[in-house]
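Biologist: Please choose one part of this model, look at it closely, and then follow it outward into the rest of the structure. I would like the cut-offs behind each term as you go.

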Amino acid sequence: LKNIVTRFHHTSTSQMCSCSKTVSDEKYQDPFQLGRKDLKNLYEDIKKELLVSTAELREMCEYYFDGKGKAFRPMIVVLMARACNIHHSNSREVQASQRSVAIIAEMIHTASLVHDDVIDDANSRRGKMTVNQIWGERKAVLAGDFILSAASLALARIGNTTIISVLTQVIEDLVRGEFLQLGSKENENERFAHYLEKTFKKTASLIANSCKAVSILGCPDPKVHEIAYQYGKNVGIAFQLIDDVLDFTSCADHLGKPAAADLKLGLATGPVLFACRQFPEMNAMIMRRFSKPGDVERARKYVLQSDGVQQTTYLAQRYCHEATREISKLRPSPEREALIQLTEMVLMRDK
């Protein structure tokens, strides 16, 4: 773990100097430059999938597809598609069906955000008001449902039952993950396993199964499918762990949503669970979901006094290291190097 941390700090320091510089020249690949061609017109193509006669519903459904997001998930999907295609047949072209998976992944992700904001009664997302705040909860639920139905139609058009099975698993996991989040474990020893399972289902399953889907479309080897899945799973969990860290370390303006939002929702994330080992008095607060006056402020103070943030970051580094180990099994390619680079970017992000 010490080696991983040392390597991470060394590479992150050199990369932060200048985005235009290369790290080890040939080896460094900017994922967003590499994937740009395949993601051109991504949001226009999504809007074509959302064709609907009702102006209000169309406006709601298109609200988050404004081109201002990082398109992190579609980026991983097209890079994985090319890495697997190169590995199998030395082709760098992304198939139309593989690009469709990238579009579907972004649609499922966005639908889940709309539904999450309703459940959480959230009022801001990506620096602007949420759908539920503008149009109300009932209409927001229907908009999320409509985006999911449009994603399902796009999925059916791929015409591959295996791919349909892989990607519908994501929707099941999202629902199960939300149920896990609504519950909590009394047993302290079971809490962290519960948290990681919830993290996989709510965040990592989409990335893991989307990566697996494009690998199936590009290569017949089950070993490659497993590599793609494991890479997506580990990157996805690391992404959420860092998200949970940023809830304590980043300001609301930078995040685009309120800071300490998870505590206000009664959620005990990684930094809280690690802090609990140093401050056992937090157990009672976790069990009552930080519902008493002053609980949120006290819990946040305990987390920042503990090594909870640091330990959660170390855990994210371990998941990224595992993702890198998996993807390194594929044949060398600029896309493979870019996927390795993405693991570093996940760790370094500040919003």
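**A buried tryptophan and its surroundings**

Modeller: Trp135 has a relative accessible area of 16% and therefore counts as buried, where buried means under 20% relative accessible area, exposed means over 50%, and partly exposed lies in between, computed with a 1.4 Å probe on protein chains only. The model is a predicted one, in which local features need a pLDDT of at least 70 and side-chain atom pairs count only at pLDDT 80 or more, whereas totals for chains, interfaces and linings use all residues. Residues are numbered from 1 along each chain as its sequence is written, and side-chain values use heavy atoms, with hydrogens and water left out.

Trp135 belongs to helix 8 (residues 131-135); helices (H or I, at least four residues) and strands (E, at least two) are DSSP runs numbered from the N terminus. Leaving aside residues up to four places away in sequence, Trp135 touches Glu56, Glu59, Met60 and Tyr63, a contact being heavy atoms within 4.5 Å. With Met60 the separation along the chain is 75 residues, yet the C-alpha atoms of Trp135 and Met60 are 7.9 Å apart.

Tyr63 leads on to a second residue, for Lys128 touches Tyr63, Tyr64, Asp66 and Asn123, again without counting residues up to four places away. Lys128 sits in strand 2 (residues 128-129) and, because its relative accessibility is 24%, counts as partly exposed. Lys128 and Tyr64 are 64 residues apart along the chain, and 9.7 Å separates their C-alpha atoms.

Moving to helix 7 (residues 96-120), we find His115, whose C-alpha lies 8.9 Å from that of Asn132, although the two are 17 residues apart in sequence. The contacts of His115, beyond residues up to four places away, are Ala140, Val141, Gly144, Asp145 and Leu148. In the loop between helix 7 and strand 1 (124-125) is Asp121, which has a positive phi of about 55° although it is not a glycine. Most residues other than glycine have a negative phi. Ala71 is another residue with a positive value, its phi being near 55°; Ala71 is placed in the loop between helix 5 (55-62) and helix 6 (72-89), and its 10% relative accessibility is why it counts as buried.

These pieces belong to a protein of 19 helices and two strands, in which buried residues make up 55% of the 351 residues. Of the contacts between residues at least 6 apart in sequence, 74% join residues at least 24 apart.

Helix 11 (residues 188-218) deserves its own description: its 31 residues reach 44 Å from first C-alpha to last, close to the 45 Å expected at 1.5 Å a residue, the expected span being 1.5 Å times one less than the number of residues. Helix 11 also carries a kink of about 60° centred on Ala204, the bend at a residue being the angle between axes fitted to the seven residues ending there and the seven starting there. Because 25 of its 31 residues are buried, helix 11 is largely enclosed by the rest of the structure.

Helix 15 (residues 270-278) is likewise largely enclosed, because seven of its nine residues are buried. Its buried residues, among them Leu273 and Phe274, pack against helix 11, helix 12 (222-249), helix 14 (261-264), helix 16 (282-287), helix 17 (295-305) and helix 18 (308-327).

Helix 11 returns when we turn to empty space. A cavity is a set of points, on a 1 Å grid over the protein atoms alone, where a 1.4 Å probe fits but cannot get out, and lining residues have an atom within 4 Å of a point. The structure holds two cavities of 30 Å³ or more, and the largest has a volume of about 200 Å³, a volume being the space filled by probe spheres set on the points, which are joined across faces, edges and corners. Lining the largest cavity are 15 residues, of which Gly183, Ser184, His194, Leu267 and Ala268 lie nearest its centre. Helix 10 (161-182) and helix 11 are the elements that give two or more residues to that lining, and helix 11 gives the most, with four. The lining residues divide into six nonpolar, five polar and four charged, where Ala, Val, Leu, Ile, Met, Phe, Trp, Tyr, Cys and Pro count as nonpolar, Asp, Glu, Lys and Arg as charged, and the others, Gly among them, as polar.

Key:
1 Å grid on protein atoms, 1.4 Å probe; cavity = no way out; pocket = protein on both sides within 12 Å on 5 of 7 lines; lining within 4 Å.
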